Structure formats: C-alpha cells, structure tokens
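Got your viewer open and a selection box ready? Then come along for a short walk, one stop at a time.

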Amino acid sequence: MDRLALLRYAWIMEHTSKRPSEHVHDVAVIGMGPAGAQAAISAWHQGRDVLVLDAGEVSQRKGRAYWTKSVAIEDIPFLAPITGPRLRAQVQERLRSLAPKGGDSRGVTLRGAYVLHVARAAEGFAIDASTEPLRGGEIVARETFLARTLVVASGFEDGWPDIERDPNGRRMLERYRTVFRYAGNQSGWHLCIRCDGHLHFGQHFVLLGVGEEIYEAALGAQDFTRRITILTNGRPAGLPPAVLAQARERDIQIDTRRIARHIGKGTRLEGVEFEDGEQLMADGFLADEGLEPNTAFLAAFTLQRTPEGLLRVGENGEALRPDGTQEPGLYIAGDLVAGARKLVAAAAASGQDAGLAASDALRSWRYPE
Ligand SMILES: Cc1cc2nc3c(=O)[nH]c(=O)nc-3n(C[C@H](O)[C@H](O)[C@H](O)COP(=O)(O)OP(=O)(O)OC[C@H]3O[C@@H](n4cnc5c(N)ncnc54)[C@H](O)[C@@H]3O)c2cc1C
C-alpha cells in the first residue's frame with residue numbers, strides 16, 4: 001500500500017502546480033473531527049500557532065461522526081444531544097473564531113485541504129495538500145504547508161455492505177448510492193453498536209459481516225436485544241466452532257446467503273431480499289465490513305501498525321517506529337489509534353494528549369538532568 005501511495009503522489013506532483021508557503025506553523029493538525037479539533041484547541045491554549053487541515057471542506061470525507069446524519073450523539077455529558085453534521089458545523093465555527101488576530105501568530109488557522117503527502121523538512125514537516133474540490137476527478141490546486149510538529153487525526157473510512165453496489169461508479173458516493181440512502185438513519189445501516197444499539201431495544205437486529213468482528217458486534221448487541229441475526233452476504237461466516245456453538249445456544253441465526261437488494265421505504269430500511277427471492281425483515285441493521293485508515297499521506301514514514309492499519313502509539317500519542325523509538329514531532333490521535341474506543345469523548349481525550357505533547361515538544365529548555 002505504501003508503494004502505491006508514493007507512486008500516486010509522484011504522479012500528482014508531476015501533473016499539478018503548487019504554491020509553496022513560507023510560514024512555519026508550530027503545530028499542524030490533519031483532521032477536524034473530535035480528535036483533531038481538541039488537539040488544535042489544546043495546542044492553541046498553550047500559546048501556539050496552529051494550522052488545521054481538513055478534507056471535509058474540499059471533499060466528501062467529513063469524518064465518521066458525519067455519518068450519524070439524523071441520529072443524535074447523546075453520550076457526551078457536556079454537549080446537548082447533537083447530530084454529526086451539526087457537531088461538525090459547531091466545531092468549525094469555534095476553530096474559525098480562534099483565527100490569529102493582528103500581528104499575533106498565536107491562533108488556529110483552519111484550511112480546507114485534502115492532505116496528499118507528508119515529508120520531513122528542515123523545519124519539521126512539509127505537508128502537501130489539494131486545497132480545492134476536485135474538478136472532473138482531477139486536482140486543480142495544491143499547496144505545501146510547513147510545521148514544526150504534526151498531529152495526525154484523520155480517522156478512517158468504514159467499509160460498506162456489498163449490496164446493490166454500482167461497480168461502474170467512479171466515486172464512493174456513486175458506488176454505494178443505494179446503501180448510503182439507508183445510512184445514518186434511526187432505521188438504516190448503523191456502523192457502531194455502542195452508538196446506536198439503544199435505538200433497537202428488544203427489537204430484531206441484523207448484523208452484516210464475517211469473522212470475529214461481527215461476532216464482537218453481536219456480543220455488544222445483546223445489551224439491547226436477544227433477537228439477533230448475522231448475515232454474511234454470500235461469504236463463509238469465518239467463526240470458530242466454539243463461537244458457532246454459542247451462537248446456536250443463544251438462538252443467533254447465521255445466514256450465509258447472498259443478498260440481492262434492500263427492502264425499504266424512502267430512507268427507512270425494513271429488510272433485505274436474498275438472491276433466492278426469500279425476504280428477511282428486521283428493525284435495526286448494522287454493517288461491519290472493515291475499515292480503511294486515512295493515512296496514505298504517511299507513506300514516507302514506517303510506523304508501527306496493526307494488521308488493519310491502525311497506528312500504535314506511545315503514552316501521549318507519539319508515533320512509533322518499528323524499533324519502538326518515537327518518530328520525532330509526529331503524534332497520532334482519535335479513531336486512528338490502535339485499541340482506541342472509537343467514540344467522540346475518547347477521540348477528544350487522545351487529541352488533547354497529542355495536542356499538548358506536540359506543544360510541549362516545542363519548548364526550548366527542560367528540567368536539568
Ligand atoms: C454512524 C456513527 C454513529 C456514531 N455515533 C456516536 C455516538 O453516538 N457517540 C460517540 O461517542 N461516538 C459516535 N460515533 C463515533 C465517532 O463519530 C468517532 O469516534 C469520532 O468521530 C472519531 O473522531 P476522529 O477525530 O478520530 O475522526 P473523524 O471524526 O473521523 O474525523 C477525521 C477528520 O479527518 C479528515 N480527513 C480525513 N482524511 C484526510 C486527509 N487526507 N486530509 C485532511 N483531512 C482528512 C476528515 O475530513 C475528518 O474531518 C459514531 C460513528 C458513526 C460512524
């Protein structure tokens with residue numbers, strides 16, 4: 001994956017013109033989700049000149065919380081229940097209000113930018129990004145930003161069910177148009193059992209996926225209901241005998257038939273139809289089809305990762321090399337962190353650690369040895 005990302009980047013470098021920036025920011029943050037926003041505010045609060053680069057302004061990558069669409073996030077004590085899109089708008093407004101004023105460089109500069117590549121530079125990091133929406137799928141504006149330290153909080157993209165997928169669609173939005181119609185509603189495709197399981201107390205709940213991950217989600221679903229069905233959409237379940245035995249004991253149905261289409265009204269998903277024409281109706285649906293970390297731009301760095309590509313970090317989000325040493329000045333926060341809870345408050349907490357550590361790394365003197 002790293003090599004492909006580098007080749008893609010080389011092509012982009014050759015085919016677009018870029019405007020270099022002279023200004024070196026204290027801390028750059030990639031991503032304006034809960035983790036990135038908190039990292040930025042924490043570093044700003046220590047008097048730093050912070051740059052936030054966020055893809056949501058120039059592309060469809062708007063962060064995971066955005067997929068809550070019409071379902072409010074309600075498990076954060078200091079926030080009234082709020083949908084993902086509204087949360088995003090609020091965070092954006094707050095960051096914009098912290099823009100540097102007068103001749104003071106202290107502040108938060110928010111830029112719409114899809115980061116393409118990060119490299120080491122004399123100052124710390126050089127960050128190449130596409131800074132306008134693509135036109136006809138092509139990059140039309142590119143800029144390079146400089147920063148002494150870097151917090152990566154770009155999250156990941158969820159995998160989506162392979163049902164009524166349009167293989168000819170160029171963009172994700174086109175390929176999964178039908179799936180997306182039913183995503184993020186009270187009665188549609190959910191992606192996080194801890195986030196949305198409460199919407200289906202005592203109801204029939206369908207989980208789509210294979211292997212350990214989908215059974216983990218089924219274990220979570222038992223907090224809300226005992227009526228659970230696992231669909232694999234034409235794939236072997238990939239579950240060991242002990243798990244299959246427990247599923248039988250708990251009356252969890254596992255159906256491996258391929259799904260032909262959704263059954264729904266408007267944006268409300270009500271069931272699925274299998275290829276043999278039989279239909280299965282349910283009240284709630286959750287897909288766990290893996291994830292893709294938004295880290296292709298880190299191809300120049302060899303970092304410790306899990307098999308699915310999440311990043312292993314030190315105590316304060318320090319990015320780690322394979323030998324266990326820290327990659328100087330580079331911090332990771334939020335859902336991207338291996339073992340993270342993948343919830344808003346946890347993402348913000350790790351953003352705070354990373355933002356403060358990035359800021360502390362800029363201090364010029366330390367406690368004497
Ligand atoms: C449907 C759904 C419901 C959820 N409900 C809840 C809930 O009720 N409660 C709860 O606590 N959590 C909930 N979550 C989880 C929560 O949304 C995530 O844990 C949280 O958003 C993770 O924050 P993050 O900052 O790590 O990443 P994200 O929120 O994913 O933000 C990543 C940011 O990085 C940007 N980005 C990506 N790639 C690039 C790039 N190349 N260049 C520049 N920027 C980039 C994106 O634009 C985005 O703004 C839910 C998640 C989903 C999907």
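What follows is a tour of a predicted model, with something to select at each stop.

**Stop 1: around the ligand**

Start by selecting the ligand and whatever surrounds it. There are 36 residues around it, and the ones that come nearest are Asp54, Arg61, Arg64, Asp335 and Val344. Now show the backbone too, since the next few distances all involve backbone atoms. An oxygen atom of the ligand sits 2.8 Å from a backbone N or O atom of arginine 64. Alanine 35 has a polar backbone atom 2.9 Å from a ligand oxygen, and for leucine 343 a backbone N or O atom lies 3.2 Å from an oxygen of the ligand.

**Stop 2: from arginine 64 to aspartate 158**

Keep arginine 64 on screen and add its side chain. Which side chain does it share a polar contact with, at 2.9 Å? That partner is aspartate 158, so go ahead and select it. Aspartate 158 is in strand E7, and it counts as buried because its relative accessibility is 14%, below the 20% cut-off. Leaving out residues up to four places away in sequence, aspartate 158 touches Arg64, Met172, Leu191 and Gly290.

**Stop 3: an aromatic cluster**

Next, colour the aromatic rings. The whole structure holds seven aromatic pairs. Take phenylalanine 125 with phenylalanine 301: the ring centres are 6.2 Å apart and the planes meet at 40°, so this pair is tilted. Phenylalanine 125 is in strand E5 (residues 124-130) and phenylalanine 301 is in the loop between strand E16 (291-293) and strand E17 (318-320), so the pair ties together parts 176 residues apart in sequence. Are these two buried or exposed? Phenylalanine 125 is buried at 0% relative accessible area, and phenylalanine 301 is buried too, at 6%.

Now jump to tryptophan 160 and phenylalanine 180. Here the pair is edge-to-face, with 4.9 Å centre to centre and 75° between the planes. Tryptophan 160 is in the loop between strand E7 (156-158) and helix H4 (172-175), while phenylalanine 180 is in helix H5 (residues 177-181), 20 residues apart. Both of these residues, tryptophan 160 and phenylalanine 180, are buried. Add Trp67 and Tyr176 to the selection: ring pairs link Trp67, Trp160, Tyr176 and Phe180 into a cluster.

**Stop 4: charges over rings**

While the rings are still showing, pick lysine 62. Its charged end sits over the ring of tyrosine 66, 5.9 Å from the ring centre. Then select arginine 257, which lies over the face of phenylalanine 274 at 4.1 Å from the ring centre.

**Stop 5: asparagine 233**

Arginine 257 leads to the next stop, as asparagine 233 touches it. Where does asparagine 233 lie? Look in the loop between strand E10 (228-231) and helix H8 (241-249). Asparagine 233 is buried, with a relative accessible area of 4%. Its side chain has a polar contact of 3.3 Å with the side chain of arginine 258, and the asparagine 233 side chain also reaches the backbone nitrogen of isoleucine 259 at 2.7 Å. Not counting residues up to four places away in sequence, asparagine 233 touches Asp162, Ile163, Leu208, Thr256, Arg257, Arg258 and Ile259.

**Stop 6: arginine 111**

Select arginine 111 in strand E3 (residues 107-112). Arginine 111 is partly exposed, with a relative accessible area of 26%. Draw a line from its C-alpha to that of glycine 238, 127 residues apart along the chain, and you get 44 Å. For the side chain, look at glutamate 143: the two side chains make a polar contact at 2.8 Å. Beyond residues up to four places away in sequence, arginine 111 touches Leu51, Val52, Leu53, Asp54, Thr131, Glu143 and Phe145. You met Asp54 at the ligand, among the residues that come nearest.

**Stop 7: the disulfide**

Finish with the cysteines. How many disulfides does a search of the whole structure find? There is one, joining cysteine 192 to cysteine 195 with an S to S distance of 2.1 Å. The torsion about that S-S bond is about 65°, so the disulfide is right-handed. Cysteine 192 counts as buried at 13% relative accessibility, whereas cysteine 195 is partly exposed at 28%.

Definitions and conventions:
Residues numbered from 1 in each chain as written. Predicted model: local features only at pLDDT ≥ 70, side-chain atom pairs only at ≥ 80, totals over all residues. Heavy atoms only, no water. Disulfide = S-S within 2.5 Å. Buried < 20%, exposed > 50% of the residue type's maximum accessible area, 1.4 Å probe, protein only. Helix = DSSP H or I, 4+ residues; strand = E, 2+ residues; numbered from the N terminus. Polar contact = N/O pair within 3.5 Å; in protein donor to acceptor, adjacent residues only side chain to side chain. Contact = heavy atoms within 4.5 Å. Phe/Tyr/Trp six-rings, centres within 6.5 Å; stacked < 30°, edge-to-face > 60°. Lys NZ or Arg CZ within 6 Å of the ring centre and 35° of its normal. Near = heavy atom within 4 Å.
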